[in-house]
Amino acid sequence: MATLPSRKQLPPAYEPASVEARIYQRWERGGYFKPRLVPGAEPYCIIMPPPNVTGELHLGHGLEDALTDALVRWHRMQGDATLWVPGEDHAGIATQNVIERELAKEGLTRHDIGREAFLERTWEWVRRYRARIVEQHKRLGASADWDYDVFTLDPRIVRAVRTTFVNLYRDGLIYRGLRMINWCPRCETALSDLEVEYEQEPAKLYYVRYPIVGEGGMPLPDAIVVATTRPETMVADTGVAVNPSDPRYEERIGRWVLLPLVGREIPVVADEAVDPEFGTGALKVTPGHDPNDWEIGQRHSLEVIVAIDLKGRMNDEAGPYAGLSVDEAREAIVRDLADEGFLERVEDIVHSVGRCSRCRTTVEPLPSEQWFVAVNKEYEPGVSLASAAAEAVRSGRIRIVPQRFVKVYLNWLENIRDWCISRQLWWGHQIPVWYCDCGETIVQVDDPDRCPKCGSAELRQDPDVLDTWFSSALAPHADLGWPDDTEELRIFYPTSDMQMGYDIMFFWCARMVMFGLYNMRHRGPDGAIPFRTVLFHGLIRDAKGEKMTKSKGNVVDPLVAAAKYGADAFRFGLLANTTLGQDQKYSDERLEAARNFANKLWNSARFVLMRLGEHRIRRPHPADRETYALEDRWILSRLEGLMEDVDSLFRAYQVGEVGRRIEEFLWNEFCDWYIEMAKVRLAAGDQRPLDVLGHVLDYSLRLLHPIMPFVTEELWQHLRDHLPNDVPEMLIVAWYPKSGANWRDPAAEEAMEHVIAVNRAIRNVRAEKRLPAGERPAVFLRAGDFRAALEETLAATATLSRCVPELLPAGAALPEGEFAFDRVADTEIAVALPAVDRSEERRRLERELAEAEEYVQRLRAQLANEQFVAKAPARVVEGVRRNLEEAEERAAGLRERLAAL
Ligand SMILES: [Zn+2]
Ligand SMILES: [Zn+2]
């Protein structure tokens, strides 16, 4: 046997802090995060959902890192050319808000310092935070290719964004139009439908009389009563609408009413969109301030009046109410309506209010000039952005996991409206459109020097920027180099997997599919999809199930948790608690349990390493199966089963279950039973378990590596010297164990399960009878089928269950004395007891006998029932007969034992 160089001993306890940074540095310096482009290697690529550059990573990012890194490492260890592309998002409105808040502390607004200075300040912030975010990912063990790090405002992404904009514009898929948009008066920008959060809030419903106008413009005593939650917008009313089928208003359609306080005459129109059940069934129509009214107004050519300005104040159209805030105007108008007798009554209701998802300000619907993407317009016969995105999923070319989200995704695309992509912000991709005083509009990728029509150099770029999701939607093809035809794009596009929280399915996933299919359509349907599978994970809530927010103070910092428990325990704790698509509750206990698991693994590996000493492992070969002990064959068979399970679980993206399954094997089978039994053999001078110990530890570390990369790498580095010569430098690139089913041995598994069950039974008796730890009772085993297995493991049973076991032939008599009895399958167990507890044992046996006899009576009654015997299927009747026989046997055994007491 070759002697090994003396090596550093493993410290007695696992200290993540002393291991993680060192190991990560070795991986990174070794270039292991780069794809190994060797012939025959399958490409595997995944794009990191870029965190907002505004701050720090939160638990959700921690979960995403754990999930993605597990998949990435699993693929890398299978020899795939693996590329994980990291990135950060410029996060338009979110970042701008942060910088504006910083400015506000100095008493400044963005307008005080101007666009250029504002952007400079933002870039400074970004540089600082971006570096920090990268550092945070590294602390969690993310094996991404950092040389590839993409920021969504990088020059090459700018080019991809502009190219897309220009192409969409030339295809007629981008247009500028007056649309009812969601306006945040606080942020002073348009919001997409997705950036508005609706909440049920108490409100008042005002019933207002609109007098009918008679001949000659005189108001009649007759009136239509409308119900509204927004009386302040009545100054901009340009109609009243009723449902054409509503008999109450049949006579009124086509007549005119007089708008109270304002005195303007407005028509009564009939529109199907009016709900006769709401309020009085008559609706005041304010096309300038309500998206539904906008639609009604369009259908009936009603005038659009805008009475609220971009800061949320009433303008000159509001007459005497001009200059008031919306709330003040509401108060004043309600008071005036009441004074003049137009207010019929007020009701308390609960209705839904839209709020800005960034600042919680009530959103004001306003008509405004904005840029839109026409998602339903065809760019090829029968193909629009939305229809293509739906078809890619419907046809199965893109797989959604869990599958139930397919319906949600398709439903959204079927009802999608044009996407408002302009934002009145400074931070972001400024829209590549320039205007000349001569009236020319220039839309192109590069900044123009002169107007192509009049030659003027005085061009104004559109001041708006694009919705942040416009650039995000270009991942993955822009990240991989598009519009250039790069090697990465050729190798890694379509990417393999994508993962995100289900909460951004519409913001991001659907739009990535739209833009990917559009920009890459020259590749054909199969080649244009951005990714083959998308996983939606849930959100992490606090222990009570509440959403984590800074304002509630229940946010958990992933780095603090990882520092406390170790990055591995953090990853394992989150993953093992994850079921895709479902929210999870965060708990310290889970991370503690994961840390205990890491420690258990450390201690067991430490034992194995110490016992290995100078031994070099010879891998167990199935051809030598017969030379191995029962427990060897058992653990090797269990390991095969584990490899099979892990493989199919990974393929089904059940990464959390992978972790749970490996833990179960390592803890309950390898550590608790195999190692303990091996100790007994080693102590007796039998060296054969060493190869099995080393081999199973090696494979277990490989299997667990994707989920707990640090502790496994550290242990493997120590184990490596004992392994056969064909292993690589580091575990991160060692091949992942795959089952060849060679060691599968159902008979050994059944026999060992029996041995374990017998040992458990002996331990139960020890616990029930409260035998002192030092007491080693005689245990008699009357065995049937498992006699050989019990015999082979008798020495282990003696140590593991602290007893003096003896095998008896079936039917053999027990020696004189007190016993506690149990039975596992056909093995009878008799544990000799100190002679004190006869009465308790008698009570227990009497209780069991009573139960057994009652059961016998019940079964006999059933068989005595002629109807049952005649009508029930033969096998059912036969089953009852068999049960009865067994029950009678059991009762007889109990009676015998009672008699022996
Ligand atoms: Zn806002
Ligand atoms: Zn011009």
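In this predicted model, C359 is partly exposed, because its relative accessible area is 22%, a value that lies between the 20% limit for buried residues and the 50% limit for exposed ones. C356, by contrast, is buried, with a relative accessible area of 0%.

Both residues belong to one metal site. The zinc ion (ligand 1) has as its protein donors the SG atoms of C184, C187, C356 and C359, which lie 2.2 to 2.4 Å from the ion. Along the sequence, these donor residues follow the spacing C-x2-C-x168-C-x2-C. The four donor atoms subtend angles of 103 to 116° around the zinc ion (ligand 1), and the arrangement is therefore tetrahedral; the criterion for four donors is that all angles lie between 85 and 135 degrees.

The reader may now turn to the second site. Here the zinc ion (ligand 2) is coordinated through the SG atoms of C436, C438, C451 and C454, at 2.2 to 2.4 Å. The spacing of the donors along the chain is C-x1-C-x12-C-x2-C. Around the zinc ion (ligand 2), the angles subtended by the four donor atoms run from 100 to 114°, so this arrangement is tetrahedral.

The accessibility of two of these donors may also be examined. C451 has a relative accessibility of 4% and therefore counts as buried. C454 counts as partly exposed, because its relative accessibility is 43%.

Conventions: Residues numbered from 1 in each chain as written. Chains lettered and ligands numbered in written order. Predicted model: local features only at pLDDT ≥ 70, side-chain atom pairs only at ≥ 80, totals over all residues. Heavy atoms only, no water. Donors = N, O, S within 2.8 Å, 3.2 Å for Na, K, Ca; no water. Tetrahedral: all angles 85-135°; square planar, octahedral: opposite > 155°, others 65-115°. Buried < 20%, exposed > 50% of the residue type's maximum accessible area, 1.4 Å probe, protein only.
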